[in-house]
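Got the viewer open and a selection box ready? Here is a short tour, one stop after another.

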Amino acid sequence: MDKPGKEDLAQLLARLKDHYQVSDSEIARRIGVAPATVNSWVHRKRGGGRGPRREALQALAREFPAFTETEVFAAAGRESPGPLNADAEARILELWRGLTAEQQRAKEVEMRALIQMNQTGQ
């Protein structure tokens, strides 16, 4: 994130560490990643060109609720995933069951591509 005025993940983590008085290791422990992973975010290192996993960003917001999921995802250069409640999940599953095996494979490829775009911030 090189855009002026926009907080990146390293800046958000600096605020989080100050607010909660926690270390990189404590953040890592609480969200289930390696300390080296948090350290790479703090120092703006991107392994393999991908940013943090969705689950890790969601865990940050859950474990440190002073920072919303929307805020955490924005700092990582991504939009937060839409909500999925039980009714929506049931509707999606019903639609899925109506597809042929070939159509299911095609939709899976499409969904993976969309997720990849979200992960890379493109």
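Which loop does Gln 21 lie in? Select Gln 21 and look at what flanks it: the loop runs between α1 (9–20) and α2 (24–31). Bear in mind as you click around that this is a predicted model.

**Stop one: two odd backbones**

Stay on Gln 21 and check its backbone torsions. Phi is positive there, about 55 degrees, although Gln 21 is not a glycine. For context, most residues other than glycine have a negative phi. Turn on the surface and you'll find Gln 21 on the outside: its relative accessibility is 63%, and since the cut-off for exposed is over 50%, Gln 21 counts as exposed.

Now jump to Arg 44, in the loop between α3 (35–42) and α4. Arg 44 also isn't a glycine, and its phi is positive too, at about 60 degrees. With a relative accessible area of 52%, Arg 44 is exposed.

**Stop two: zoom out**

Switch to cartoon and show the whole protein chain. How many helices and strands are there in it? You should count 7 helices and 0 strands, so the pattern along the sequence reads α-α-α-α-α-α-α. Colour by accessibility next: of the 122 residues in the protein chain, 27% count as buried. If you like contact maps, take the contacts between residues at least 6 apart in sequence; 57% of them join residues at least 24 apart.

**Stop three: the two sides of α1**

Select α1 and put a distance between its end C-alpha atoms. The viewer should give you 16 Å, and that agrees with the expected span of 16 Å for 12 residues at 1.5 Å a residue.

Which residues of α1 are buried? Show side chains for Leu 9, Ala 10, Leu 12, Leu 13 and Leu 16. Look down the axis: they cover an arc of only 155 degrees, which puts them on the same side of α1. Spin to the other side and you meet Asp 18 and His 19, which are exposed. To see what covers the buried residues, add neighbouring elements to the view, including α2, α3, α4 and α5 (69–75).

**Stop four: Ala 56**

Next, pick Ala 56, found in helix α4. Is Ala 56 buried or exposed? Its relative accessible area is 1%, so Ala 56 is buried. Leave aside the neighbours within four places in sequence, and Ala 56 is in contact with Ile 31, Val 33 and Trp 41. Draw one more distance, from the C-alpha of Ala 56 to that of Gly 32: the two residues are 24 apart along the chain, yet these atoms are separated by 7.5 Å.

**Stop five: the largest pocket**

Finish with the largest pocket, which has a volume of about 760 Å³. Its lining has 21 residues, and the ones to select for the centre are Gly 82, Leu 84, Ile 92, Met 111 and Ile 115, which lie nearest to it. Colour by element and you'll see that α4 (54–63), α6 (86–97) and α7 (101–120) each give two or more residues to the lining. Which element gives the most? That's α7, with 6 residues.

Recolour the lining of the largest pocket by residue class before you go: 12 residues are nonpolar, 4 are polar and 5 are charged.

Terms used:
Residues numbered from 1 in each chain as written. Predicted model: local features only at pLDDT ≥ 70, side-chain atom pairs only at ≥ 80, totals over all residues. Heavy atoms only, no water. 1 Å grid on protein atoms, 1.4 Å probe; cavity = no way out; pocket = protein on both sides within 12 Å on 5 of 7 lines; lining within 4 Å. Points joined across faces, edges and corners; volume = space filled by probe spheres on them. Helix = DSSP H or I, 4+ residues; strand = E, 2+ residues; numbered from the N terminus. Nonpolar A, V, L, I, M, F, W, Y, C, P; charged D, E, K, R; others polar. Buried < 20%, exposed > 50% of the residue type's maximum accessible area, 1.4 Å probe, protein only. Expected span 1.5 Å × (residues − 1). Arc of directions from axis to C-beta. Contact = heavy atoms within 4.5 Å.
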